[in-house]
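Colleague: Could you take me on a close look at one part of this model, the helix pair and the spaces around it? I would enjoy a connected account rather than a list.

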Amino acid sequence: MPENPPAALSRQDRASPVLPPTLGPVDPAMLWREIVSGACGCNDPLVKGLLATGIRNHGSFRGALAALLGRKLGDRSVADDALAELVTEVFEADPDIVNAAAADLVAIRERDPATAEYVTPFLFFKGYHAVQSHRVAHWLWHNGRGYLALHLQSRCSELFGVDIHPAARLGRRVLFDHGTGIVIGETSVLEDDVSLLQGVTLGGTGKNVGDRHPKVRRGVLIGAGATILGNIEIGEGAKVGAGSIVLESVSPYTTVVGNPARVVGTRHSSLPAFTMDQMLPPIDYII
């Protein structure tokens, strides 16, 4: 660890606002060394205790994340230390959850223009905390501890304003930008490299049972306040405009917007989740 780690780059100091996406495995140990280095660069006396509790007092990414989720989600029903111990047990049972959490953190830095380092999203971004809480709840749900999984879902909803059913399936490198108001139903699927903004709903259309929620494929970007209902597919690389109501499947690499959502512009070839570009494509017709 360098004695005087460089200060985090400002947004203006970056070579490019969009960094090349890291699609390969992320080494949690290497990531943790960079997080600790960043935490050591802060000399604010009022923040030193926070950074010590959240980062410097821990020897690994796994241990720090377990402690953080314990502090965030603990309450009178399940104490902080007991919950942190539970999260540690889940991480030990399935180390791939930790690998996914590390990949999610790297994705935030690459896609969020307001984030130039890792300390800030790790400690303060409730969208990131909600996704990692869900990963733990999802493991509990599938390992015979359903009520505890639902308890974590409830706490996550209360604290972060993000409500994800424990059975919903999330891939890697998932970004919940801001996170507030996101609702994801039981049979929803989010594949790798998906980005959601605040207020997104992935819901059902009524009282149907069984497979009834959306399937969001790789690289999709869903804008703020969009509502996607039913067992429909949002194809790879699609973009859903802010405030849209989507009731039918969306073809890959297309943009939809409106209520009800309709296709606008021509097909694109990129994955909008990486660029976070929410602008509409050129319209190829005039009414």
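Modeller: Happy to. One term first: a cavity here is a set of grid points where a 1.4 Å probe fits but cannot get out, and its lining residues have an atom within 4 Å of a point. Please keep in mind that this is a predicted model.

Let us start with the two helices. Helix α7 spans residues 126–141 and helix α8 spans residues 146–160; they pack at an angle of about 170°, with their axes 8 Å apart. Angles over 145 degrees count as roughly antiparallel, and α7 and α8 are therefore roughly antiparallel to each other. On the α7 side, the contact is made by Lys126, His129, Ala130, Ser133, Val136, Ala137, Leu140 and Trp141. From α8 come Gly146, Leu148, Ala149, Leu150, Leu152, Cys156 and Phe160. By class, this contact has 11 nonpolar residues, three polar and one charged.

Now for the enclosed space. A search of the whole structure finds two cavities of 30 Å³ or more, and the largest holds about 50 Å³. Its lining consists of Ser133, His134, Ala137, Leu152, Gln153, Cys156, Val162, Asp163, Ile164 and Pro166. Here α7 and α8 each supply at least two residues, as does β1 (163–164). Ser133, Ala137, Leu152 and Cys156 line this cavity and also take part in the helix contact. The lining divides into six nonpolar, three polar and one charged residue.

Helix α7 also has a part in an open space, the second largest pocket, with a volume of about 240 Å³. This pocket is lined by 14 residues, and those closest to its centre are Ile97, Ala100, Arg135, His138 and Leu170. Two or more lining residues come from each of α5 (96–111), α7 and β2 (169–170), with α7 giving the largest share, four residues. In this lining, six residues are nonpolar, three polar and five charged.

One annotation touches this region as well. UniProt, in an unreviewed entry, places the feature "domain: Serine acetyltransferase N-terminal" at residues 31–133. Over that stretch the chain is 77% helix and 0% strand, and its end C-alpha atoms are 20 Å apart.

For completeness, the second largest cavity contains about 40 Å³ of space. Leu221, Ile222, Gly223, Lys239, Val240, Gly241, Ala242, Gln278 and Leu280 line that cavity, with β9 (221–222) and β12 (239–240) each supplying at least two of the residues.

How values were computed. Residues are numbered from 1 along each chain as its sequence is written. This is a predicted model: local features need pLDDT of at least 70, side-chain atom pairs count only at pLDDT 80 or more; totals for chains, interfaces and linings use all residues. Side-chain values use heavy atoms; hydrogens and water are left out. Axes are lines fitted to C-alpha atoms, for helices over the stretch in contact, and angles run from 0 to 180 degrees between N-to-C directions. Angles under 35 degrees count as roughly parallel, over 145 as roughly antiparallel, 65 to 115 as roughly perpendicular and the rest as oblique. Contact means heavy atoms within 4.5 Å. Ala, Val, Leu, Ile, Met, Phe, Trp, Tyr, Cys and Pro count as nonpolar, Asp, Glu, Lys and Arg as charged, and the others, Gly among them, as polar. On a 1 Å grid over the protein atoms alone, a cavity is a set of points where a 1.4 Å probe fits but cannot get out, and a pocket is an open set with protein on both sides within 12 Å along at least five of seven lines; lining residues have an atom within 4 Å of a point. Grid points are joined across faces, edges and corners, and a volume is the space filled by probe spheres set on the points. UniProt positions are given in the numbering used here, feature names are shortened, and annotations may be inferred rather than shown by experiment.
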